[in-house]
Amino acid sequence: MNPQDFADKWRQLAPNTSERAGYQEHFRDLCALVGEPTPSSDTTGQDYAFEKAVKKAGTGEQGFADVFKRGHFIAEYKAKGKSLGRALQQALLYARELDNPPLLIVSDLNHIEVHTNFTGSSPRRFDLSLDDIAYDRPVAGDLTALQILRAAFTDPARLDPRQLRERVTQDATAKIGEVAASLRKSEAGNQTQIAHFLMRVVFAMFSEDVGLLERGLLTRLLEAARRNPAQSQGLFSQLFGAMRGGGYFGVSEIRHFNGGLFDDDSALPLTVEQIDDLLAAARLDWSEVEPAIFGTLFEGSLDKDIRKQRGAHYTGVQDILRIVEPVIMQPLRREWEAVKAEAEVQAQKRGGKRKALETVQAFRERLGGVRVLDPACGSGNFLVVALTLLLDLDQETRVTAMELGAGAFDVPPIVHPRQFHGIEIEPFAHELASVSIWIAFFQWQAAHGGQWPTPVLQRLHTVENRDALLNEDTTEAEWPQADFIVGNPPFIGNTRMRQVLGSESVEQLRQVFAGRVPDKADFVTYWLEKARAEIEAGRTRRAGLIMTNSVRGGASRKVLERVKESGDIFVAWPDMPWVQDGAAVRVSEVAFDDGSEQERYLGRLTGAQEDQEEIRQVGTIHPDLTAGVDLTGAKRLKENAGRSFEGVKPAGKFDLPAAEAQAWLDLPNPSGVSNRDVLRPYIGGRDITEAKGPGRWIIDFADMPLAQAEQYRRPMRQILDSVKPVRDTNNERSAREYWWRYKRFSPALRQASKTLSRLLVTPRHMKHRAFDWIPADALPGDALTVVVAEDDYTFGILNSSLHVWWATRLGTSLGVGNDSRYTPTTSFETFPFPQPTEAQRLKIEEAARYLEQARSYLRGAGLGLTAMYNALATYRETGEEAITGTATLGDAHDMLDQAVAAAYSWEWPLAEEDVLARLLELNRERD
């Protein structure tokens, strides 16, 4: 059927055809129009059907969805002239029972509406008339009527509003950001004044495109201002004055907005260039802005420096959903399911619908009283997503109430922006949070035919502009009481806190939280501790935060241990990829409560590109965010003390190219000393992983006094030129006074290794954990962990799967490659070495030498450790040896694992969890 024939047919039939008589024929014609099969193609009726049976929520009565296509849509029909709003309510009533398809389609045989139903996004409606279909007109951006219909049948994700909204939002924020930068440069106002002015302009543009202001009003204002830029400030003042309390702007009637955003009529003067940028922004469709990302993108465009300084970061909707869904929506949906079940029982009794309606209404009142807090809300993206999800649940309760006999006016939407609390220290972000929340609310209202309130805006005292941790008098700040706490606090590591926050602030913070947060914990853990305390005090039910991945280890993990002591972790996504200021990092997403949640889930990303999610139920989640054997209590063993060290930390330009250093080796010095005393090959992490060899050397004065170091004339000149000027400005006194020495020159490592011919090293962060040899005369850098040993036996133990599994579980994972972290204290000193017989030791040494020979062969082919173990992983997965020698490397590791297991008197192979449990038992037995 061609589009013109479809339109002509239903233009004639629709006025005189009842819903029941016409809807199946109409839908079959739609199928023919887009070239898709009809429901009769599914003989089971499970996934695609007319009259799909479904239980009505709240009443327990049997209902029938007019058309159902699993994973695509529910379609509900009404006769021409009947309310499509009622059809939409019916579709919503069935959606939860039918796995929430992404689209809801309603039609009166003459007109078709396609409503999006994607989780975590404000809904969108596509309106298709018969003429739109007949001529395949563009309906939304570059999407035509037929493209929308085909997408509904074949690719619903194409209609996901987030795809279009992300493009619109990026374009919109870029334009406004250019104006912000220009205003700052021209000093038209301070940061707060610029942010406030632009927020007003943005909300006016949005209001125009959703019908709160007369369409085209902003464009006309800006065109008038462009003709006479000197009048721009006055024109905006007139508009803002009218929006403050309602009135007229010219002949256009303006609603009463106010709500704090329009608390006065102040505006800023604009140049022609700034007006042109605002004109370009005004011509965009602001109704399609995605509020969940709008604030963050806008904030970044307004003030990148402040954003970077405070550790703020962009949070994607999917990351937010991993927190908001289990923390907020899961318990509320459980309550709602119980309420629906109770209402269904009541509704079956004679005259019971009234009682059932009271039960539903009581839950709705409860829903309207829910309080959500984001104590580091930034520009409000967590609050926006939570608001949208609660509005969706609210709509479901409204539909159920109407099914039980309530009128639409008896059950108005009850969820409101005032339920969402935020704390944000930066003025830009604070203002953005409030505006983003209102945009999300009105977007949702527009898609559901809601009425505009008067005044349009209400002052959101719930979003506060202040420090979330300390008051001005340096006492601990209080948080507003909330049912749920969610958010992603600033990502500032412990080592950067003084640099970013200042030493005085850090000392005050540590003093206030002494005994609760260790001094060496990351900044994010202060929010974790406060959320934990709110739950312990009974002021909050559940909390969920996105945090730095290092929260799983070291001092930061102590705060997660406190969470476990007073409550429990019920969802965790450790080692998640993240991008902050263009750099790839890793984060952990954690949800916790007072221990009352009985189900616990551990999630991870899978696939070669980490593009698939996997979540599994577990018995418990440990403080290191693992399940299974809990290694967090493993103790450091005396037998391993003094055997493992961190490499030196120069903290300055002490290194130089190998060729230059070698040219200096025999340069004379007046005192007769040799430069060979202070020039050494320098080994970093990449020298191990990439098989590059020592391409750098380093000047090493160790702990020499200055007078002695000055005898080495050419090396000292390098330090005077490249190191001392930087050290002179260092905040640390020792760095300034001992400028010719490394920040950490590792005297214990030097003493322990002085008689050895070689050393074992492993990069602190490494994708495939492995240990390798370096010459004892080379200096290991800060990126390496060093084990003071030269024997094949230790090489074999540390390279075995048994030690690698132990070290990986006890370490954290960082960086773009999810690389595991190895440290002397947690990874090495806790490991219980076997106590082999002489024969067992010889077997391990033999396997260790075989492993080193296999590696040497692959090094000869130009492979570093990372490349050769990538190849080994592929070989073990596919069975195909793409690089000759990879199978031999695998054979060497198998032989080594067998030998090491035998030294423990264990049968081999064993599962990883079994090995870890046995090693933990040995750890506990050792002194």
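How many bridges join β3 to strand β4 (residues 103–107), and in which sense do the two run? In this predicted model, the count is five, and the strands run parallel. One of the residue pairs along this seam is I74 with L104, the latter being the bridge partner that I74 has in β4. To get from β3 to β4, the chain passes through helix α3 (residues 84–95), and the resulting β-α-β crossover is right-handed.

β3 has another neighbour too. Strand β2 (residues 62–69) pairs with β3, this time in the antiparallel sense, over three bridges. Here I74 turns up again, as the β3 bridge partner of F68. So much for the pairing; what links β2 and β3 along the chain? The two strands form a hairpin, with three residues sitting between them. One detail of the turn is worth picking out: G71 has a positive phi of about 75°.

With β2 pairing antiparallel to β3 and β4 running parallel to β3, the next point is how covered β3 itself is. Strand β3 spans residues 73–77, and five of its five residues are buried. Its side chains split into two sets: F73, A75 and Y77 point one way, while I74 and E76 point the other way. Both sets are buried, E76 included.

Stepping back to the whole protein, the chain folds into 34 helices and 30 strands. Its C-alpha atoms fill a box of roughly 105 × 70 × 55 Å along the principal axes. Of the 927 residues, 57% count as buried. As for who touches whom, take the contacts with a separation of 6 or more: residues 24 or more positions apart account for 69% of them. On the outside, the protein exposes about 38,000 Å², and carbon and sulfur atoms supply 47% of that area.

Finally, a word on the cysteines. How many disulfides does the structure hold? The number is zero. For background, a disulfide is a covalent bond between the sulfur atoms of two cysteines. Two cysteines can be placed by their cover. C31 is buried, because its relative accessible area of 0% falls under the 20% cut-off. C377 counts as buried as well, with a relative accessibility of 2%.

Definitions and conventions: Residues numbered from 1 in each chain as written. Predicted model: local features only at pLDDT ≥ 70, side-chain atom pairs only at ≥ 80, totals over all residues. Heavy atoms only, no water. Disulfide = S-S within 2.5 Å. Buried < 20%, exposed > 50% of the residue type's maximum accessible area, 1.4 Å probe, protein only. Helix = DSSP H or I, 4+ residues; strand = E, 2+ residues; numbered from the N terminus. Pairing = 2+ DSSP bridges. Right-handed = clockwise from strand over helix to strand, strands pointing away. Contact = heavy atoms within 4.5 Å. Areas by Shrake-Rupley, 256 points an atom, 1.4 Å probe, with all protein chains shown as cover.
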